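I opened the notebook to look up a handful of items in this structure. The entries follow in the order I took them.

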Amino acid sequence: MKTEFLCTVPVLPSQNITRDIDWYSHNFGFVKTFGDHMYAGMRLEDIVIHLQWHADTAADPLLGGSVVRIFVKNIEPYFESLVVKGAITCDKLIKNTAWGTHEFGLYDLNNNAVFVVEDIESSSEKTS
């Protein structure tokens with residue numbers, strides 16, 4: 001079975017998730033679809049944005065590179081193809097996360113984090 005690519009989701013840094021959800025809601029009309037004070041998702045029609053809390057310290061900078069989450073169905077064939085290419089090591093696929101995904105990630109040449117994620121729950125709330 002082949003990996004099916006579904007969508008990309010930008011993950012924006014935030015120092016205050018609640019404040020930023022309110023701002024996006026008031027100014028753009030986004031609606032919170034899931035989350036807590038550390039990580040949340042919002043939707044405006046077909047547009048999805050996630051917010052991720054950062055402490056803005058040297059170890060956890062607020063502005064230290066962007067994050068993109070690429071959502072797929074059937075993650076393993078694509079993961080295996082990247083292992084064969086040497087782009088990632090075989091121990092990087094994390095299965096059955098506490099938030100209901102299989103996923104792996106790596107950094108590009110500009111220190112941007114790129115995660116490939118398969119939602120293993122019955123709904124697609126993670127991309128909503």
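Entry 1, pocket. I began with the classes of residue in the lining of the largest pocket: 13 are nonpolar, 10 polar and five charged. I note here that the model is a predicted one. The lining comes to 28 residues, and Y39, Q52, H54, V67 and F115 are the ones that lie nearest the centre of the pocket. For the volume of the largest pocket I have about 630 Å³. I then looked up which elements give two or more residues to this lining, and found strand 1, strand 2, strand 4, strand 5, strand 6 and strand 7. Strand 6 gives the most, with four residues.

Entry 2, sheet. In what order do the seven strands lie in the sheet? I read the order as 2-3-4-1-5-7-6, in an open sheet with mixed pairing. Strand 2 (31-35) and strand 6 (101-107) are the edge strands, and each of them pairs on one side only. From one strand to the next the twist averages 25°. As background, strands of a sheet pair through backbone hydrogen bonds, and the pairing is either parallel or antiparallel. I took one pair in detail: strand 1 (residues 4-14) and strand 5 (residues 67-73) run antiparallel and are joined by seven bridges. F5 has V72 of strand 5 opposite.

Entry 3, helices. I looked up what each helix touches on the sheet. Helix 2 (residues 75-85) packs on the sheet and touches strand 1, strand 5, strand 6 and strand 7 (113-119). The direction of helix 2 makes about 25° with that of strand 6. Helix 1 (residues 17-28) lies across strand 1, strand 2, strand 3 (39-44) and strand 4 (47-53). Against strand 4, helix 1 runs at about 155°.

Entry 4, G41. I found G41 in strand 3. Is G41 buried or exposed? Its relative accessible area is 0%, so G41 counts as buried. With neighbours within four places in sequence left aside, the contacts of G41 are V31, K32, T33, F34, I49 and H50. I also took a distance: the C-alpha atoms of G41 and T3 are separated by 24 Å, with the two residues 38 apart along the chain.

Entry 5, positive phi. Most residues other than glycine have a negative phi. I noted two residues with a positive value. D56, which is not a glycine, has phi near 60°. I placed D56 in the loop between strand 4 and strand 5. The relative accessibility of D56 is 44%, which means that D56 counts as partly exposed. N96 is likewise not a glycine, and its phi is positive at about 55°. The loop that holds N96 runs between helix 2 and strand 6. N96 is exposed because its relative accessible area, 55%, is over the 50% cut-off.

Entry 6, E121. Where is E121 found? I located E121 in the segment after strand 7. With a relative accessible area of 36%, E121 is partly exposed. Between the C-alpha atoms of E121 and V9 I noted a separation of 18 Å, the residues being 112 apart along the chain.

Key: Residues numbered from 1 in each chain as written. Predicted model: local features only at pLDDT ≥ 70, side-chain atom pairs only at ≥ 80, totals over all residues. Heavy atoms only, no water. Pairing = 2+ DSSP bridges. Axes fitted to C-alpha atoms, helices over the stretch in contact; angles between N-to-C directions. Contact = heavy atoms within 4.5 Å. Buried < 20%, exposed > 50% of the residue type's maximum accessible area, 1.4 Å probe, protein only. 1 Å grid on protein atoms, 1.4 Å probe; cavity = no way out; pocket = protein on both sides within 12 Å on 5 of 7 lines; lining within 4 Å. Points joined across faces, edges and corners; volume = space filled by probe spheres on them. Nonpolar A, V, L, I, M, F, W, Y, C, P; charged D, E, K, R; others polar.
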